[in-house]
Amino acid sequence: MKERTLKVLEFDKILMKLASKMETSIGSDYLSKEAVSADINIVVTKQKATTEGVRKIISKGQPPFGGIYKIRDYVKRAELSGVLSPGMLLKIGDNLRGSRLMRNYILLESDQSEPDSFVILTSLGKRLNKNTDLEDSIFNAIINDEEISDNASSKLRSIRREINNKNQMIKTKLSSMVSSPSYQKYLQDAIITMRNDRYVLPVKVEYKNQVKGMIHDQSSTGATLFIEPMQIVTLNNELSTLAIEEKKEIERILAELSAMVADFGEPLKENETVLAELDFIFAKAKLSLDLRCQEPILNTDMIINIKKGRHPLIPASDVVPIDIWLGKGFKTLIITGPNTGGKTVSLKTLGLFVLMTQFGLHIPANSGSEIGIFSNIFADIGDEQSIEQSLSTFSSHMKNIVEIFNEIEDNALVLLDEVGAGTDPVEGAALATAILDRLNQYNIVTAATTHYSELKIYALTQPGVINGSVEFDVETLSPTYRVLIGVPGKSNAFEISKKLGLKPEVIEQARGLIETNNIEFEDALLKIDRDRRETEEAKEEILRLQSEQAALKEIIKREERKIAEQKDKILKDAKYEARKLLEATKNESFTIISRLEKYSSDLDKASRKDINDIRDAINQSIKDMSESGYVLETHDGNEDIQLWDHVFISSLNQKGQVVSEPANDGKVTVQAGALKLNVPINTLKKIKPEIVEVKPKGYRKGFDMTNKNIKTSIDLRGMSLEEAFLEIDKYLDDAYLSGLNEVQLIHGKGTGVLRQGITEFLRKHQLVKDYRLGEFGEGGSGITVVKFK
């Protein structure tokens, strides 16, 4: 692409935005070498890479680019048997760590549900090489740019230990000398210092002969000599030897690490290459997220269809999205309209989106936008008049257009701003028409802006050419920046002048100076614009109504789903309650039958048959309900069921009588033969009472146990509560079935614990109607009198 085109379309500013997203210097170098591509395959790959980068950041957060440096020169030095400094080795270690972290970021925890989601990133991630041995060796041996760790080698640790010991010995000797009264008068200060890497004492010059040793330095005043006492010369010599050994060992360690770097040189250089490309990809992804971009649909048919495109250099609060298309059905678009109406911005947006796409960047537009791949882009936008080159506005435009015609090629995109402007309007319009006509003959995709009415007429009559305009609100005297395809723009000069207060007679005189056909054309444009607005308003109203209808449909669907869910929940709860009721009934029935069977030997044949019939009926009812899924049959209109009503229990296929008022949970207690059940009132059906033969008091239907020796009292004294409850439960069943209406429970007075427990037990018992403590003559508080229902 021509450098001038990139500049006038402000693509360089986009690259500056992209550069600000780069994390590493190697990534910035990579960016500087990238260029806009006209190869569809390369563009597709670049776009997919950007999309993968966006998805990876969204799924895993920002990529780890910390500690990535340029190390290629260091690696080359090591490969040439050079010894690397600690700082160089640390940067290589940082790159190894960064490569390892980046490899894990890309390859670990990938979205397994979509194996093709990160094809490009996965390929790059696999090219990153790990060498934990080299990485650990570097960080284990080097602390910072100037310091080698004691852990670098056992020999270095030993040498440094010796150095510390020698230093301590020297300081001890010198400290004893400094603190000695005999030496203190010779010293300028009671301190230990160093000169030429050797320990010395500051001695007064007049006492130099009293302190035997080597003179290393003299103060600036000459009053002090820095003398190394003879007592520590040997130790200082040994310390210097150890320092030399330490230096040699450090050089050996650095040489060894440098050799390891050289052996791993090619993978290190490959890592740098891959990391640079990854930095470029993720920078594009970050820019895409910042600008709320989408990957465009690519084509080789030179078709552009931008949906709600936003110029990326205009602040988000100010930018107006535009819809603009070109290349399908027509090759040339002529945009007309008033100044400051957005014609040039629309032209720049068109060209900039093509450049961004072919560079591998996403575009700030809605999903579904299409961008064609062009071999080149030519743009003549803006006023480039030059005093130095003696070029007027018209001359500068013509110079650019001449270059365009000299370099034009197939599959190119041409953008012309104010074509033919800056000269006589008649000649300018004719020249502009000829330029656009020639480009149309060359089948070049072209977008141009103009004020010439002649070009509007040309677009209306020429195949492959279409009018476009930028909308202007005459009422507010401000542009809306909307691009309208297929509608020629109107200058609105008279309307704007009228709004601004120009006298009507001046405007009418101006109208009279325009040729009749021009006035009719402008009036036709005005009518077209008015009709268009009315059509758009009608369309918006239709869309609004459709939207409301869709919203109502969605509300109805949600309500239907809610009702269905509530129905399912109610049914599910009913089944659950039915299961609970069934299990409770089953357990209670079997308990009573098992107790009855204990006395079957004492019953007559008819009573035993009744017991068997009840057991069979219960089993059959349970079986029927199990096979039907425990679904309760409900009955409407059961609000009038009252105490003592006769009812039919549909879940048990049994008849019974209501013996309690309805509870808050909608349940009542029903006496069904010997069973007393709590059932939902809506599962009961009110029936007429059966006419039965009146029996003597105390008679229990189906059972005759009057022959059994059942006492009217039971002695519970000395029993624990658990033992007493078992005896009372069995005794009350026997007494009830034998026809007794009242019995006595003898528990004694004692501490009252047994009496209180029995009272609580009787309060919940289903056969007990009432109970009281004994009266005087019955045993008083030592007995409890129980009455049956």
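How many cavities of 30 Å³ or more does the count come to? The count comes to 2. The model under inspection is predicted, and the tour below proceeds from the whole chain to selected sites.

**The whole chain**

Display the full chain as a cartoon. It contains 22 helices and 23 strands. Colouring by accessibility shows the division of its 789 residues, of which 42% count as buried. If contacts with a separation of 6 or more are drawn, 68% of them join residues 24 or more positions apart.

**The largest cavity**

Select next Lys-2, Arg-4, Thr-5, Phe-378, Ala-379, Asn-400, Glu-403, Ile-404 and Glu-407, the residues that line the largest cavity. Two or more residues of this lining are given by each of helix H1 (3–8), strand E10 (376–380) and helix H14 (393–407). H14 supplies the largest share, with 4 residues. The enclosed volume is about 70 Å³. Colour the selection by residue class: the lining divides into 4 charged, 3 nonpolar and 2 polar residues.

**Helix H3**

Move to residues 25–33, which form helix H3, and show the side chains of Ile-26 and Leu-31 together with Gly-27; these three residues are buried. Turn the view until it looks down the axis of H3: the buried residues fall within an arc of 145°, and they therefore line one face of the helix. On the other side of H3 are Ser-32 and Lys-33, both exposed.

To see what the buried residues of H3 pack against, add helix H2 (11–19), helix H12 (265–290) and helix H13 (343–359) to the display. Then centre on the N-terminal end of H3, which is capped by Thr-24. A distance drawn from a side-chain oxygen of Thr-24 to the backbone nitrogen of Gly-27 reads 2.9 Å. Gly-27 thus appears twice at this stop, as a buried residue of H3 and as the partner of the Thr-24 cap.

**The loop at Pro-321**

For the final stop, select Pro-321. Where does Pro-321 lie? Its place is in the loop between strand E6 (304–309) and strand E7 (322–326). Is Pro-321 buried, exposed or partly exposed? Pro-321 counts as partly exposed, because its relative accessibility is 37%, between the cut-offs of 20% and 50%.

Show the surroundings of Pro-321 as well. Leaving aside residues up to four places away in sequence, Pro-321 touches Lys-308, Gly-309 and Arg-310. Draw the C-alpha to C-alpha distance from Pro-321 to Lys-308: it is 4.5 Å, although the two residues are 13 residues apart in sequence.

Notes:
Residues are numbered from 1 along each chain as its sequence is written. This is a predicted model: local features need pLDDT of at least 70, side-chain atom pairs count only at pLDDT 80 or more; totals for chains, interfaces and linings use all residues. Side-chain values use heavy atoms; hydrogens and water are left out. On a 1 Å grid over the protein atoms alone, a cavity is a set of points where a 1.4 Å probe fits but cannot get out, and a pocket is an open set with protein on both sides within 12 Å along at least five of seven lines; lining residues have an atom within 4 Å of a point. Grid points are joined across faces, edges and corners, and a volume is the space filled by probe spheres set on the points. Ala, Val, Leu, Ile, Met, Phe, Trp, Tyr, Cys and Pro count as nonpolar, Asp, Glu, Lys and Arg as charged, and the others, Gly among them, as polar. Buried means under 20% relative accessible area, exposed over 50%, partly exposed in between (1.4 Å probe, protein chains only). The arc is that of the directions from the helix axis to the C-beta atoms. Contact means heavy atoms within 4.5 Å. A polar contact is a pair of N or O atoms within 3.5 Å; within protein, one must be able to donate a hydrogen and the other to accept it, and residues adjacent in sequence count only if both atoms are side-chain atoms.
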